[in-house]
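Please read this note alongside the coordinates. The points are meant to be checked one by one in a viewer.

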Amino acid sequence: MGIINVLTKPLQMIRACRREQFLKTQREKLKNKNISVIASNCNGAMILHDLKLPFNSPFVNLWIKPHDYVKMCRSLKHYMESELVFIEQDEYDYPVALLDDIHIYFQHYQTEEEAGEKWQERVKRIDYDHLYFLFTDRDGCTEEDLTAFDRLPYEHKAVFVNRPHENIKSAVYISGFENEACVGFCMYYRNLFSYRKYYDDFDYVGWLNNQ
């Protein structure tokens, strides 16, 4: 165990250095920086953080169930203009709120006050002329949810899936989860030695550059 601990820290340092070199190249390739990412979970915020872009939407450190996410995207302005109301619940140890009739799960916030403040601050930054929608097949996502997302009338859509979906044009196949029911945590490194994370399978710079 001691040897493993000694080896792990240098490996982590090497990996961090290689990742920073990779991200520097990614940032240099990025041309379109005026964007608002509407994400169903933390993948969007992690990619923005990697690219050192501002959070121009409130979809940071939270998640939304697939059916609710697609429903919200259909009428985005309506929901963004709706009041965020926190609710009492015992299922989760973090704040949960209703936005009209959909639930928002503020998993990485300690208090309702913090979550509400960040939500209000960031919702004002949304640029409706530069929207990018990022979805995943997690949290009970069904084939119907994927199809409904794919049919949304937006140009820039992508959904992470654990296997190829030829009928879903917006599908982005993330390898490594084929034996699971859905994609795993895409913001994790592929392994101890890799500087790449699962979501790096997605050419998100090309996507944001409208290529």
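The numbered points below cover the two sheets, the salt bridges, the cavity and the pockets.

1. Status of the model. The coordinates come from a predicted model. Every value quoted below should be read with that in mind.

2. Parallel sheet. Four strands form an open sheet in the order β1-β5-β6-β7, and their pairing is parallel. The edge positions are taken by β1 (36-39) and β7 (171-173); each has a single partner strand, so one side of each has no neighbour in the sheet. From one strand to the next, the twist averages 25 degrees.

3. Pairing of β1 with β5. The two strands run parallel, and 4 bridges join β1 to β5 (residues 131-136). For checking the register, serine 36 has leucine 131 in β5 as its bridge partner. Helix α2 packs on this sheet, where it touches β1, β5 and β6 (157-161). The direction of α2 makes about 125 degrees with that of β5.

4. A second helix on the parallel sheet. Helix α3 (residues 66-74) lies across β1 and β5. Relative to β5, α3 runs at about 165 degrees.

5. Antiparallel sheet. Another open sheet has 3 strands in the order β2-β3-β4, with antiparallel pairing. Here β2 (84-86) and β4 (102-105) stand at the edges with a single partner strand each, so one side of each is left without a neighbour in the sheet. The twist of this sheet averages 35 degrees from one strand to the next.

6. Register and turn. Strand β3 (residues 96-99) is joined to β4 by 4 bridges, and the two run antiparallel. Leucine 99 has isoleucine 102 of β4 as its bridge partner. Between β3 and β4 there is a hairpin with 2 residues in between, and aspartate 100 in the turn has a positive phi of about 60 degrees. On the other side of the pairing scheme, β2 and β3 are antiparallel over 3 bridges, with phenylalanine 86 opposite alanine 97 in β3.

7. Helix α5 and a salt bridge. Which two residues of helix α5 (residues 112-123) are separated by about one helical turn? They are lysine 118 and glutamate 121, which sit about one turn apart because they are 3 residues apart in the helix. Lysine 118 forms a salt bridge with glutamate 121, with the closest N and O atoms 3.9 Å apart. The cut-off for such a pair is 4 Å, which should be kept in mind when reading that distance. A search of the whole structure finds 8 salt bridges.

8. Cavity. How many cavities of 30 Å³ or more does the structure hold? There is 1, and the largest cavity has a volume of about 50 Å³. The lining of the largest cavity consists of Val37, Gly44, Ile47, Leu48, Leu134, Tyr204, Trp207 and Leu208. Two or more of the lining residues come from each of α2 (43-50) and α7 (204-208). By class, the lining has 7 nonpolar residues, 1 polar residue and no charged ones.

9. Largest pocket. The volume of the largest pocket is about 240 Å³. It is lined by 14 residues, and those closest to its centre are Asn41, Cys42, Gln107, Phe185 and Met187. The class count for the lining of the largest pocket is 7 nonpolar, 5 polar and 2 charged residues.

10. Second largest pocket. This pocket holds about 160 Å³ of space. Its lining is made up of Glu155, His156, Lys157, Ala158, Ser170, Val172, Phe202, Trp207, Asn210 and Gln211. By class, these residues divide into 4 nonpolar, 4 polar and 2 charged. Trp207 is listed in the lining of the second largest pocket and also in that of the largest cavity.

Conventions:
Residues numbered from 1 in each chain as written. Predicted model: local features only at pLDDT ≥ 70, side-chain atom pairs only at ≥ 80, totals over all residues. Heavy atoms only, no water. 1 Å grid on protein atoms, 1.4 Å probe; cavity = no way out; pocket = protein on both sides within 12 Å on 5 of 7 lines; lining within 4 Å. Points joined across faces, edges and corners; volume = space filled by probe spheres on them. Nonpolar A, V, L, I, M, F, W, Y, C, P; charged D, E, K, R; others polar. Pairing = 2+ DSSP bridges. Axes fitted to C-alpha atoms, helices over the stretch in contact; angles between N-to-C directions. Contact = heavy atoms within 4.5 Å. Salt bridge = Lys/Arg side-chain N within 4 Å of Asp/Glu carboxyl O.
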